[in-house]
Amino acid sequence: MSEKKTRKKEGMFKITLRRLLKNKLATAGGIIFLIFLLAAIFAPLIAPYDYAEQDLYNTLAGPSLAHLCGTDEVGRDILSRLIYGGRYSIRIGILSVVLAAGIGVPLGAAAGFYGGRLDNVLMRFMDIFQAIPNLMLAIALSATLGAGVNNCILALGITSMPAFARMTRASILNVRGMEYVEAARSTNSRDFRIIVKHVLPNAMAPLLVQATMGVATAILNAASLSFIGLGVQPPLPEWGAMLSTGRTYIRDCWHMCVFPGLTIFLTVMSLNLFGDGLRDALDPRMKN
């Protein structure tokens, strides 16, 4: 009896965290991403060289004790550029998801809560966006707005917005008829208060999972945009741009492609593993 009472007193955060820690793959994914995030934040302290420092006497050098991941075509240390590059890749991934959620969640909440004509108009608007593949739409927007970090965030945020709108709408449709919502309406609470205080908090679980997976997708798409020259521009380091530069030397200097590609792979994989574990922790029935 005392154990059951203790569990009842536990908050949702503690319960979710306990379930998440039991999932070894999700824990490993979270730790790997945290390492990349901390490395990006403390890049000036961790990186052995400045990302723009050139050593023209040591160009295209393979991995060594002086340069653990080798150097590029102008003698810049690849490891240092990978560490600094995390600042741009992870920043684009996180901020584009924040922008997508900031636009998509209110639209989805309005569509799901009010329904009717508003729902029909908003969802048809989302259909127009989703009729175009995300990456193609991001390429079109980046080409129109111009290359750069901020424009890349804007392009990826707009393309990810329909997923958040539809997820929010679906979650709210499941809870808007619940008794606690009817009780809030009976007390003459404003619709905005009902949505913010009663409906959205009970629809947050799938949105958190969507956000985690969305960051991974955004990092991959940002690398794709930079790979074709529409993302972060030189001399700023970015994983996709480094991969694009390295393909020219792939036959003789494998390290210029392998290390940026491996960094993208590990970051995206870690987020996907963490997102899967978070989904199971928030809703254990999904695991079955």
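What share of the 288 residues of the chain count as buried? Hold on to that for a second, everyone, while I tell you that what you have in front of you is a predicted model. The answer is 42%.

Let me start with the overall picture. The chain has 13 helices and zero strands, so if you read the elements from the N terminus on, you simply say "α" again and again until you reach the end. Along its principal axes, the C-alpha atoms fill a box of roughly 75 × 55 × 30 Å. And here is a nice thing about how the chain comes together: take the contacts between residues at least 6 apart in sequence, and 70% of them join residues at least 24 apart.

Now to pairs of helices. Two packed helices are described by the angle between their axes and the distance between the axes. Let's try that on two pairs that share helix α11, which covers residues 204-227.

The first pair is α8 with α11. Their axes come within 10 Å and cross at roughly 155 degrees. Angles over 145 degrees count as roughly antiparallel, so that is what we call α8 relative to α11. The crossing is right-handed. On the α8 side, the contact is made by C152, L156, A163, F164, M167, T168 and S171. From α11 come P206, L207, Q210, A211, A218, N221, A222 and L225. Sorted by class, this contact of α8 with α11 has 11 nonpolar residues, four polar ones and no charged ones.

The second pair is α11 with α12, where α12 is residues 239-246. Here the angle is about 40 degrees, and the axes are 7 Å apart. That makes α11 oblique to α12. The crossing of these two is right-handed. If you want to find the contact on your screen, look for I219, A223, S226 and F227 in α11, which meet W239, G240, A241, L243 and S244 in α12. The residues of this contact divide into six nonpolar, three polar and no charged.

Next, a single helix. Which residues of helix α10 are buried? In α10, residues 191-199, they are I194, I195 and V199. Look down the axis of α10 and these buried residues fall within an arc of 95 degrees, so they line one face of the helix. What covers them includes α5, α8 and α9.

To finish, three residues worth clicking on.

Start with S142, in helix α7. Is S142 buried or exposed? Its relative accessibility is 1%, and buried means under 20%, so S142 counts as buried. Leaving out residues up to four places away in sequence, S142 touches A147, A155, L225 and L230. You have met L225 already, in the contact of α8 with α11.

Then there is L173, in helix α8. With a relative accessible area of 33%, L173 is partly exposed. L173 and A203 are 30 residues apart in sequence, and their C-alpha atoms are 9.5 Å apart in space.

Last comes L60, in the loop between α4 and α5. At 29% relative accessibility, L60 counts as partly exposed. Most residues other than glycine have a negative phi. The phi of L60, though, is near 55 degrees, a positive value in a residue other than glycine.

That's my tour, thanks for listening!

Methods:
Residues numbered from 1 in each chain as written. Predicted model: local features only at pLDDT ≥ 70, side-chain atom pairs only at ≥ 80, totals over all residues. Heavy atoms only, no water. Buried < 20%, exposed > 50% of the residue type's maximum accessible area, 1.4 Å probe, protein only. Helix = DSSP H or I, 4+ residues; strand = E, 2+ residues; numbered from the N terminus. Arc of directions from axis to C-beta. Contact = heavy atoms within 4.5 Å. Axes fitted to C-alpha atoms, helices over the stretch in contact; angles between N-to-C directions. Parallel < 35°, antiparallel > 145°, perpendicular 65-115°, else oblique. Left-handed = near helix turned anticlockwise from the far one by under 90°. Nonpolar A, V, L, I, M, F, W, Y, C, P; charged D, E, K, R; others polar.
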